Amino acid sequence: MSYQAGIAELEQRPPSKVSEAQIQAASEAFMASLPSDAMRSRAMAVMPHMETAPPADVCWASRTMFNAVATLPKPYRGTLAWLLAQQ
């Protein structure tokens with residue numbers, strides 16, 4: 001992914017547009033990838049409030065999302081990485 005980002009930067013390509021539907025699908029895939037209901041509950045409690053959540057929760061949510069980028073199917077990986085970059 002970083003190789004492709006580097007090429008896009010060199011070619012000065014504008015960033016890809018991400019639709020609400022893509023964000024919704026990636027979010028659902030991410031939540032489904034979490035191994036337990038406890039993790040899903042924690043993610044649901046923290047992720048909508050990343051700006052105001054305690055630093056430890058933000059770190060946990062970001063790390064969990066980052067790890068999911070490597071395991072989710074391709075259509076969701078890029079969108080999830082884009083979401084991470086927005087934080």
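A salt bridge is a side-chain nitrogen of Lys or Arg within 4 Å of a carboxyl oxygen of Asp or Glu. The legends below describe close-up views of a predicted model.

**Figure 1. The salt bridge between Asp57 and Arg42 joins two helices.** The closest N and O atoms of Asp57 and Arg42 are 3.1 Å apart. Because the cut-off for a salt bridge is 4 Å, this pair qualifies, at 3.1 Å. Asp57 belongs to helix H4 and Arg42 to helix H3, and the pair, 15 residues apart, links distant parts of the chain. Asp57 is partly exposed because its relative accessibility is 22%. Arg42 is likewise classed as partly exposed, at 34% relative accessibility. In general, side chains of opposite charge can pair when their charged atoms come close.

**Figure 2. Helices H3 and H4 pack against each other.** Two packed helices are described by the angle between their axes and the distance between the axes. Helix H3 covers residues 37-46 and helix H4 covers residues 55-71. Their packing angle is about 115 degrees, and their axes lie 10 Å apart. The crossing of H3 past H4 is left-handed. On the H3 side, the contact is formed by Met39, Arg42, Ala43 and Val46. On the H4 side, Ala56, Asp57, Val58, Trp60, Ala61 and Thr64 take part. Sorted by class, the contact of H3 with H4 comprises 7 nonpolar residues, 1 polar residue and 2 charged residues.

**Figure 3. A salt bridge within helix H3 connects Arg40 and Asp37.** The side chains of Arg40 and Asp37 meet at 2.8 Å, taken from N to O. Both residues lie in helix H3, and their separation of 3 residues is about one turn of the helix. How accessible is Arg40? Arg40 counts as partly exposed because its relative accessibility is 25%. Asp37, by contrast, has a relative accessible area of 57% and is therefore exposed. The cut-off for the exposed class is over 50%.

**Figure 4. Arg13 and Glu11 form a salt bridge.** In this pair, the side chains meet with an N to O distance of 2.7 Å. Arg13 is partly exposed, since its relative accessibility is 47%. The structure holds 3 salt bridges.

**Figure 5. Thr79 is a buried residue of helix H5.** Helix H5 runs over residues 74-86 and includes Thr79. Is Thr79 buried or exposed? Thr79 is buried because its relative accessible area is 6%, and the buried class lies under 20%. Leaving aside residues up to four places away in sequence, Thr79 touches Val18, Gln22, Ile23 and Ala26.

**Figure 6. Gly6 is a partly exposed residue of helix H1.** Helix H1 spans residues 2-10, and Gly6 lies in it. Gly6 is partly exposed because its relative accessible area is 30%. Gly6 and Ser27 are 21 residues apart along the chain, and their C-alpha atoms are separated by 25 Å.

**Figure 7. The protein that contains these close-up regions is built from 5 helices and 0 strands.** Starting at the N terminus, the order of elements is α-α-α-α-α. The C-alpha trace spans about 45 × 25 × 20 Å along its principal axes. Of the 87 residues in the protein, 26% are buried. Among contacts with a separation of 6 or more, 44% involve residues 24 or more positions apart. The exposed surface of the protein is about 6200 Å², of which carbon and sulfur atoms supply 59%.

Technical notes. Residues are numbered from 1 along each chain as its sequence is written. This is a predicted model: local features need pLDDT of at least 70, side-chain atom pairs count only at pLDDT 80 or more; totals for chains, interfaces and linings use all residues. Side-chain values use heavy atoms; hydrogens and water are left out. Axes are lines fitted to C-alpha atoms, for helices over the stretch in contact, and angles run from 0 to 180 degrees between N-to-C directions. Helices (H or I, at least four residues) and strands (E, at least two) are DSSP runs, numbered from the N terminus. A crossing is left-handed if the near helix is turned anticlockwise from the far one by less than a right angle, and right-handed if clockwise. Contact means heavy atoms within 4.5 Å. Ala, Val, Leu, Ile, Met, Phe, Trp, Tyr, Cys and Pro count as nonpolar, Asp, Glu, Lys and Arg as charged, and the others, Gly among them, as polar. Buried means under 20% relative accessible area, exposed over 50%, partly exposed in between (1.4 Å probe, protein chains only). Accessible areas come from the Shrake-Rupley method with a 1.4 Å probe; for residues, only the protein chains shown count as cover.
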